[in-house]
Amino acid sequence: MKLRELIIPAQLREGENRGDSIFYLLTAFFALMIFLLVVLMFYEMYSMSSLTREKFGFTFFFRSVWDPVLEEYGALPFIYGTVVSTLIAILLAVPLSLGIAIFLAEVAPVWLEKPLSFFVELLAGIPSIVYGLWGFFVMVPWLRSTFQPFLSETLGFIPLFQGVPYGIGMLAAGFVLTIMILPIISSISRDVLRSVPRSQYEAALALGSTRWQAVRIALAYGRSGIIGAIILGIGRALGETMAVTMVIGNRPSISLSLFNPAHTMASVLANEFTEATTDMYVSALVEIALVLFLVTLLVNSVARLLIWSVTKNTKDVRL
Amino acid sequence: MSMLQFKIRRIRSTLMFILCGFCVILALIPLILIFYHTLSLGVGALTVEFFTQLPKPVGEPGGGLANAIVGTLILVALGSCISLPVGIFAGIFLSEFGNNMFAQAVRFLTDVLSGLPSIVAGVVAYTLVVVPMKHFSAYAGGVALGILMIPTITRTTEEMLKLVPTTLREAALALGIARWKVILRIVLRTAIPGVITGILLAIARAAGETAPLLFTSLNNRFWHTTLDQPIASLTVFIYNYGVSPFEDWIRQAWGGALVLIGMILLLSLAVRFVTQTRMKGLQ
């Protein structure tokens with residue numbers, strides 16, 4: 001009886017309806033399954049990566065060799081590729097999507113705002129393989145023939161823009177990621193801006209500020225929500241696989257130039273998992289997946305907490 | 001002097017808003033280009049045989065991706081078998097019994113899971129299904145897609161059930177109907193269009209996934225007879241054909257991309273239709 005009192009809430013026990021208790025336990029069981037799923041995912045990847053964890057320990061993350069023949073593995077080139085491509089995407093996408101969010105929330109009349117919002121959200125619905133295909137056949141040739149030569153002519157004194165313009169490489173990956181995370185950041189920021197109380201604007205306008213200054217005050221008011229949206233975009237960029245794989249060149253090297261081919265944690269999984277024949281190889285790849293899992297879990301947790309803190313008192317932000 | 005400052009501020013304000021409009025245009029360019037290229041390059045591949053025939057061997061032109069289209073449907077169906085019960089019941093739990101720490105934790109985890117990189121779901125399905133079975137299979141692909149579908153279904157079910165007015169629940173309970181019957185036959189039935197919306201959204205996302213299928217369901221150039229064998233999917237075919245050196249295959253990859261976008265567009269239009277017509281009364 002003690003156990004029953006512990007797991008079934010009081011309001012259901014009082015009615016003494018067996019059906020209610022069974023139904024409650026059934027739904028609670030499935031909710032628990034989500035909980036267990038996360039634990040199971042961690043456990044599976046942790047145990048599958050035991051070989052490399054034991055052999056390399058923490059040095060796995062600081063070694064830049066990746067040689068399946070000699071069974072020498074290090075994740076540094078992939079971590080570097082993931083970090084840099086995400087960084088490019090964030091630097092480009094944040095100002096752009098804030099602009100979009102402000103336009104949609106403050107400027108656009110309803111007849112324009114509705115279809116625009118729909119279009120921007122449509123971007124989020126396009127499968128990443130289509131972005132990859134488009135990037136590979138349309139964007140990369142354009143980068144190679146037009147944009148990268150232009151960059152190296154004008155900004156070539158910066159090491160970032162030196163080297164042979166292959167088209168394929170870190171810059172292409174950064175651009176595709178930018179396009180892909182734009183809708184997430186802009187649609188959440190738009191909702192955050194809308195949840196800022198009207199009185200904030202009105203107070204600012206009454207004090208004589210221009211509409212733009214009022215918007216800046218609204219941005220400051222909702223900043224933790226907007227930071228949350230940005231972090232959510234980071235989470236998406238970190239784990240994006242197909243589009244990046246098709247345009248980044250898939251070479252595990254670390255180089256300063258953004259024109260050079262690179263590799264990310266997600267793209268090495270997509271490329272090499274089916275080829276992994278030895279246990280050690282699989283273990284190395286699973287360990288990379290585990291790191292990716294933990295990092296995105298952490299990044300998403302922070303983002304959710306920030307977004308919740310802003311919007312919990314206002315209308316729900318739909319993702 | 002102050003008049004001048006005022007003017008400068010006004011001009012700056014207008015300029016910044018124009019800049020915002022410029023951002024919108026800049027974001028629309030890739031979107032329009034992606035649609036344009038997929039349409040113009042893909043439409044040539046869409047023949048009758050594209051939808052009815054198997055892929056031809058290397059070097060022979062023609063053939064189609066019929067097995068891949070069916071394969072994607074099978075994989076999504078398998079994913080739904082896993083994610084529908086978990087998502088809907090967990091959603092009911094969060095909405096109807098969700099006033100405690102445990103529910104809050106599950107809610108948080110679900111939100112966090114919705115940002116899970118799809119490739120990680122593939123790795124998990126690999127360790128869970130492929131390793132014990134010792135070969136690639138449709139089941140493994142279904143598990144990977146199922147994991148990815150759960151968060152969307154759970155959260156939309158919860159949100160939609162919460163939109164049902166409390167008075168409806170109270171009225172039913174006051175008539176002496178058992179709570180579980182109230183939830184299933186009144187609350188869930190009222191919210192069913194919204195729940196279907198969530199399911200369609202999850203299906204649209206799952207149908208477009210490639211990464212989790214690469215090393216779970218792999219690929220197959222023939223009709224699949226059993227579910228414990230590798231199975232073809234539209235997305236993996238697009239990937240394999242897209243990076244191939246054969247012009248005919250690349251053409252078919254664009255065709256596949258067009259079919260995929262068409263499917264997803266139809267689903268999202270269906271979602272709009274369902275939400276706008278049937279949920280209006282509740283919101």
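These are my notebook entries on a predicted model with chains A and B.

**Entry 1: confidence**

I began with the scores, since the model is predicted, and I noted an ipTM of 0.90 and a pTM of 0.90. For chain A I read an average pLDDT of 88, with 92% of the residues scoring at least 70. I then marked residues 315–319 of chain A, where the pLDDT is below 50, and I noted that this stretch has eight contacts in the model beyond near neighbours in sequence. For chain B I wrote down a mean pLDDT of 89, with 97% of its residues reaching 70 or more.

**Entry 2: where the chains touch**

How many residues does the contact take from each chain? I found 72 residues from chain B and 70 residues from chain A. On the side of chain B that touches chain A, I listed the helices that each supply at least two residues, and these are H1 (2–42), H3 (66–96), H4, H5 (118–133), H6, H8, H9 (234–242) and H10 (247–278). H1(B) gives the most to this side, with 20 residues. By class, I recorded 51 nonpolar, 15 polar and six charged residues on the side of chain B that touches chain A.

**Entry 3: H4 and H6 of chain B**

I turned next to helix pairs, using the usual description, in which two packed helices are given by the angle between their axes and the distance between the axes. The axes of H4(B), residues 101–113, and H6(B), residues 138–163, come within 8 Å and cross at roughly 130°. Angles over 145 degrees count as roughly antiparallel and those from 65 to 115 as roughly perpendicular, so I entered H4(B) and H6(B) as oblique to each other. I noted that H4(B) passes H6(B) in a left-handed crossing. From H4(B) the contact uses Thr110(B), Asp111(B) and Leu113(B), while H6(B) brings Ile150(B), Pro151(B), Thr154(B) and Arg155(B). I sorted the contact of H4(B) with H6(B) into three nonpolar, two polar and two charged residues.

**Entry 4: H6 and H8 of chain B**

I stayed with H6(B) and looked up its pairing with H8(B), residues 179–207, where the axes come within 8 Å and cross at roughly 150°. That angle makes H6(B) roughly antiparallel to H8(B), and I recorded the crossing of H6(B) and H8(B) as right-handed. Among the residues that H6(B) brings to the contact are Leu145(B), Leu148(B), Met149(B), Ile153(B), Thr157(B) and Met160(B), and among those that H8(B) brings are Val187(B), Ala191(B), Gly194(B), Gly198(B), Leu201(B) and Arg205(B). I counted the residues of the contact of H6(B) with H8(B) by class and obtained 15 nonpolar, six polar and one charged.

**Entry 5: Gly87 of chain B**

Is Gly87(B) buried or exposed? I found 29 C-beta neighbours inside 10 Å, so Gly87(B) counts as buried, and I placed Gly87(B) in helix H3 of chain B. Leaving aside neighbours within four places in sequence, I listed the contacts of Gly87(B) as Met149(B), Ile150(B), Ile153(B), Thr154(B) and Thr157(B). I also checked Gly87(B) against Ile29(B), which is 58 residues apart from it in sequence and 37 Å apart in space, C-alpha to C-alpha.

**Entry 6: H8 and H11 of chain A**

In chain A I looked up H8(A), residues 170–195, and H11(A), residues 223–239, whose axes come within 9 Å and cross at roughly 155°. I therefore entered H8(A) as roughly antiparallel to H11(A), and I noted that H8(A) passes H11(A) in a right-handed crossing. The residues of H8(A) in this contact include Leu177(A), Ile181(A), Ile184(A), Ile188(A) and Val192(A), and those of H11(A) include Gly225(A), Ala229(A), Leu232(A), Gly233(A) and Arg236(A). By class, the contact of H8(A) with H11(A) has 12 nonpolar, three polar and one charged residues.

**Entry 7: H13 and Pro68 of chain A**

I then read H13(A), residues 265–272, as mostly covered, with seven of its eight residues buried. Those buried residues of H13(A) are Met265(A), Ala266(A), Ser267(A), Val268(A), Leu269(A), Ala270(A) and Glu272(A). My last look-up was Pro68(A), in the loop between strand E1 (66–67) and strand E2 (72–73) of chain A. I found 16 other C-beta atoms within 10 Å, so Pro68(A) is partly exposed. The C-alpha atoms of Pro68(A) and Met33(A) are separated by 37 Å, with the two residues 35 residues apart along the chain.

Terms used
Residues are numbered from 1 along each chain as its sequence is written. Chains are lettered from A and ligands numbered from 1 in the order in which they are written. This is a predicted model: local features need pLDDT of at least 70, side-chain atom pairs count only at pLDDT 80 or more; totals for chains, interfaces and linings use all residues. A residue is buried if 20 or more other C-beta atoms lie within 10 Å of its own, exposed if 12 or fewer, and partly exposed in between; C-beta atoms are placed from the backbone. Helices (H or I, at least four residues) and strands (E, at least two) are DSSP runs, numbered from the N terminus. Axes are lines fitted to C-alpha atoms, for helices over the stretch in contact, and angles run from 0 to 180 degrees between N-to-C directions. Angles under 35 degrees count as roughly parallel, over 145 as roughly antiparallel, 65 to 115 as roughly perpendicular and the rest as oblique. A crossing is left-handed if the near helix is turned anticlockwise from the far one by less than a right angle, and right-handed if clockwise. Two residues are in contact if their C-beta atoms, placed from the backbone, lie within 7 Å. Ala, Val, Leu, Ile, Met, Phe, Trp, Tyr, Cys and Pro count as nonpolar, Asp, Glu, Lys and Arg as charged, and the others, Gly among them, as polar. pLDDT is the predictor's confidence in each residue, from 0 to 100.
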